[in-house]
Amino acid sequence: MAEHAAWEYAEKNGLDLLTVCPSVVLGPLLQPTASASSLFLIYATKGGPEPMPDFVWHIVDVRDLADALLLVYEKPESSGRYICAAHPISSRELVDLLKGMYPNYGYQKNIVDVPPSAPPTSEKLKKLGWKCRPLEETLTDAVECYREAGLLDELEGHTLHLPPPFKVT
C-alpha cells in the first residue's frame with residue numbers, strides 16, 4: 001500500500017521514483033529485537049504449534065539489500081521498480097538445510113502444502129550489476145546472531161508463534 005501511494009504521489013507531482021521491494025530479509029540484526037522475517041527463521045529453527053506453509057520464499061541478505069539500494073540510487077540508468085529476491089527456497093527445503101547446518105534445534109515439523117505462486121525475479125537488479133552472497137552465508141550469520149542475542153533460547157512458559165505475514169491463509 002505504501003509503495004502504491006508513493007507511485008501515485010510521484011505521478012501527481014512529476015517526481016522520478018525508484019523503489020526496491022525486498023522479499024524475506026534475513027541476516028545479522030542491528031537492533032536487539034527480531035523482525036518478522038527473523039521470527040520466521042527462528043520459528044522454522046525452533047518449531048511451534050502453528051503449521052508453516054510450504055511456500056517458496058525468496059530470501060535476501062540484509063547486507064545485499066543495502067547494496068541493492070545503493071546501486072539503484074547511484075546508477076543514472078536506474079528507473080522504476082526493482083525486486084530484491086535472491087534465493088528461492090521452500091519451507092521444507094529451508095528446514096532441511098538448517099538441520100544440516102545446525103542439527104541440535106527442534107525445527108518445525110508441521111509444514112503444509114500450499115498452491116504455488118508466481119515467483120518474483122531480481123533480473124532487473126542483476127542487470128545493473130547487483131550480486132548477492134550465498135544463502136548458506138546468510139543463514140549462518142543470521143542463526144549465529146540470533147543465538148548470541150538469546151533469541152533461540154527456550155523461554156519457560158512462552159510459546160513461539162509464526163509471524164502473521166508467514167501464516168497459512
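A helix axis, as used on this tour, is a line fitted to the C-alpha atoms of the helix over the stretch in contact. Keep that in mind for the helix pair below, and remember that you are looking at a predicted model.

**Stop 1: the whole chain**

Start zoomed out, with the protein chain as a cartoon. You should find six helices and seven strands. Walk along the sequence and they come in the order α-β-β-α-β-β-α-β-β-α-β-α-α. The C-alpha trace spans about 55 × 30 × 30 Å along its principal axes. Of the 169 residues, 41% are buried. Now think about contacts between residues at least 6 apart in sequence: 86% of them join residues at least 24 apart.

**Stop 2: helix α2**

Select residues 36-46, which is helix α2. Is this helix enclosed or not? Nine of its eleven residues are buried, so α2 is largely enclosed by the rest of the structure. To see them, show the side chains of Ser37, Ser38, Phe40, Leu41, Ile42, Tyr43, Ala44, Thr45 and Lys46. What do they pack against? Colour strands β2 (24-26), β3 (52-53) and β4 (56-61), then helices α4 (91-101) and α6, and you have the partners of those buried residues. Just after the helix comes Gly47, with a positive phi near 85°.

**Stop 3: α2 meets α6**

Keep α2 on screen and add residues 135-148, helix α6. The two axes come within 11 Å and cross at roughly 90°. An angle of 65 to 115 degrees counts as roughly perpendicular, and α2 and α6 therefore fall into that class. Which residues make the contact? On the α2 side, pick Ser38, Leu41 and Ile42; on the α6 side, pick Leu139, Ala142, Val143 and Tyr146. Colour this set by type and you get six nonpolar residues, one polar and no charged.

**Stop 4: Ala44**

Stay in helix α2 and centre on Ala44. This residue is buried, with a relative accessible area of 0%. Skip its neighbours within four places in sequence, and Ala44 is in contact with Met52, Val95, Tyr107 and Gln108. Try the distance tool too: from Ala44 to Ile111, C-alpha to C-alpha, is 9.6 Å, although they sit 67 residues apart in sequence.

**Stop 5: the rings**

Next, show the Phe, Tyr and Trp side chains. With ring centres within 6.5 Å as the rule for a pair, the count comes to six aromatic pairs. For one of them, zoom in on Tyr105 and Tyr107: their ring centres are 6.4 Å apart and the planes are at 85°, so this pair is edge-to-face. Which of the two is buried, and which partly exposed? Tyr107 is the buried one, at a relative accessible area of 4%, while Tyr105 is partly exposed at 23%.

Now select Phe40, Phe55, Trp57 and Phe166, which form one aromatic cluster. Phe40 takes you back to α2, since it is among the buried residues of that helix. Then jump to Tyr82 and look over the face of its ring: Lys124 lies there, 4.5 Å from the ring centre.

**Stop 6: Ser90**

Finish in strand β6 (residues 87-90), where you will find Ser90. Ser90 counts as buried, at 9% relative accessibility. Beyond its neighbours within four places in sequence, Ser90 is in contact with Asp54, Phe55, Val56 and Trp57. Phe55 and Trp57 should look familiar, as they belong to the aromatic cluster from the previous stop.

Methods
Residues numbered from 1 in each chain as written. Predicted model: local features only at pLDDT ≥ 70, side-chain atom pairs only at ≥ 80, totals over all residues. Heavy atoms only, no water. Axes fitted to C-alpha atoms, helices over the stretch in contact; angles between N-to-C directions. Helix = DSSP H or I, 4+ residues; strand = E, 2+ residues; numbered from the N terminus. Parallel < 35°, antiparallel > 145°, perpendicular 65-115°, else oblique. Contact = heavy atoms within 4.5 Å. Nonpolar A, V, L, I, M, F, W, Y, C, P; charged D, E, K, R; others polar. Phe/Tyr/Trp six-rings, centres within 6.5 Å; stacked < 30°, edge-to-face > 60°. Buried < 20%, exposed > 50% of the residue type's maximum accessible area, 1.4 Å probe, protein only. Lys NZ or Arg CZ within 6 Å of the ring centre and 35° of its normal.
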